[in-house]
Amino acid sequence: MSNLDRAPEETVCGGRTAVAAEPVRDLLPSVDVALGGPRGMTVSRTLPNRGRRMVGAWCFLDYYGPEDLTRRTGMRVPPHPHTGLQTVSWLFAGEVLHRDSLGSRQLIRPGQLNLMTAGRAISHSEETPADHSPTLHGVQLWTALPDRDRHTGPHFEHHAALPTVSGNGLTVIVFLGALGAAVSPARTHSPLVGAEAVLGAGADDELPLVPDFEYAVLAVSGTVEVDGVALRPGPLLYLGTGRTRLPVRAGQPARLLLLGGEPFDEQIVMWWNFVGRDHDEIVTNRNEWMTGDAFDTVHGYDGDPLPAPPMPTSRLKPRGRQR
Ligand code: MN
C-alpha cells in the first residue's frame, strides 16, 4: 500500500530515547486516512503515531475494513516506489493482488504473507482482483531496514504456510519473526515479531514475550482483554519492554495483532513511501521516482503510476522519537 497523503510530513523516527524501559499500557489513538478515489477506502493509521513513531523496527501500520466490496471498488493502489523498508501484507478477509518491478505477480488470501523487501529501490501495485470475496479486511505494515541492509537489492517472497502456537482457547499464527518456539520462515533484518491471535469465546492464556523487545497490540475484531485493558478495533495499545508473558482473554470470539521488536537504535527519516536517513536522501529518492531513474517498471497494472507529492517546503528538523 502507498501512503496517499496529498501533503505527507517528513518524520524522524528511531532511537532509544522514547522506548519505555518497563511494561506500560499506553493507548495510542488512530487517525483515519482516505486512500483516494471517489469510492476509495479509508484506513485507520496507528503508526507512525503522534505519541510514538515506531515499535521495534515496525514503522507503519494501516488497518482497513472490514470493507463491504459489493458497494465499493476495493483496493486500487497504482505503481509507487519504496526504499529502505519491507512491506508486510496481511489479510483477515478477502484478496489482494500484488505486482512489482521484479516481475512478481502474487495474490494473497488470509493466513498468507506477502513480504516485499525494497532495499535500495522497488515499485509495486496492489489491487482487489476482479473476482473477489464480498469483504476485504487487513493490515499493511512496514518495517524499517537497518543501515547495513537498506542498500541491498529488492526482493519479494510469498509464504502460504506459517507456524502457529496454540493455547487455551486461542491460536496464534506467526507471520514474521518469532514468538516462543514458532519462527516464521520469512526474511527479517532485525529481531522482531508480527503475529495474529485468533481467540475463541472464553479464551484465556498468556503469550510468551521477550523482555528486550517492546510490544504493541491492535484489536482486529471483537473485544480482547490485553493485560487487563479491554481493547476494540481502533487504537494501538503500546506495552513497553520488560515483559515475559502477556495475558490475553476474550469473552466472545475476537482477533488481535501483536507487533514487537528490539528497539530500533538508528534514527530514520520517513516521507511518503521512502525510509531514509536524511532529507537530502529523500529528495534524491523522490527525484529518481519522478524521472524514472533507479526504479524499474511494474507491468500489468491498468493505470498510470502514482506521482510523488511535492516535498514539504520546510526542511526537516531532527527530533526525538516520541512527541
Ligand atoms: Mn506500497
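## Cysteines, cores and a sheet

Cys 59 is buried, its relative accessible area being 0%. The model from which this value was computed is a predicted one.

**Exercise 1.** Determine how many disulfides the structure holds, and explain why Cys 59 is without a bond to Cys 13.

*Solution.* The count of disulfides is 0. Taking Cys 13 to begin with, the nearest cysteine sulfur belongs to Cys 59 and lies 6.7 Å away, and Cys 13 is in no disulfide. A disulfide requires the two sulfur atoms to be within 2.5 Å. Seen from the other side, the closest cysteine sulfur to that of Cys 59 is in Cys 13, and because the separation is 6.7 Å, the pair is too far apart for a bond. As to accessibility, Cys 13 is buried with a relative accessible area of 0%, and for Cys 59 the value is likewise 0%.

**Exercise 2.** Identify which residues touch the most other members of the largest nonpolar core, and list what Phe 175 contacts beyond its neighbours within four places in sequence.

*Solution.* The largest nonpolar core has 45 residues, and those touching the most other members are Trp 58, Leu 61, Val 139, Phe 175 and Ile 268. Strand E5, residues 58-68, gives the most to this core, contributing 5 residues. Once the neighbours within four places in sequence are set aside, Phe 175 is in contact with Trp 58, Val 88, Trp 90, Leu 113, Leu 141, Leu 162, Ser 184, Ala 186, Gly 194, Ala 195, Glu 196 and Leu 257. A second core, separate from this one, has 28 residues, among them Val 174, Leu 237, Leu 246 and Val 248. In soluble globular proteins, nonpolar side chains tend to be buried together.

**Exercise 3.** Decide whether Val 24 is buried or exposed, and find which residues distant in sequence it contacts.

*Solution.* Val 24 lies in strand E2, which spans residues 23-28. Its relative accessibility is 17%, so Val 24 counts as buried, the limit being under 20%. Leaving out neighbours within four places in sequence, Val 24 is in contact with Tyr 238, Leu 239, Gly 240 and Arg 243. Val 24 and Thr 241 are 7.8 Å apart from C-alpha to C-alpha, although 217 residues separate them in sequence.

**Exercise 4.** Work out the strand order of the open sheet of 4 strands and its pairing.

*Solution.* The order is E18-E23-E20-E21, and the pairing is antiparallel. Strand E18 (203-208) and strand E21 (229-231) are the edge strands, each of which pairs on one side only. On average, and with direction ignored, neighbouring strands of this sheet are turned by 25° against each other. Strand E20, residues 224-226, is joined to E21 by 3 bridges, the two running antiparallel, and Val 224 stands opposite Leu 231 in E21.

Key: Residues are numbered from 1 along each chain as its sequence is written. This is a predicted model: local features need pLDDT of at least 70, side-chain atom pairs count only at pLDDT 80 or more; totals for chains, interfaces and linings use all residues. Side-chain values use heavy atoms; hydrogens and water are left out. Buried means under 20% relative accessible area, exposed over 50%, partly exposed in between (1.4 Å probe, protein chains only). Two strands pair if DSSP finds at least two bridges between them. Axes are lines fitted to C-alpha atoms, for helices over the stretch in contact, and angles run from 0 to 180 degrees between N-to-C directions. A nonpolar core is a set of buried Ala, Val, Leu, Ile, Met, Phe, Trp, Tyr and Cys residues joined through side-chain atoms within 4.5 Å. Contact means heavy atoms within 4.5 Å.
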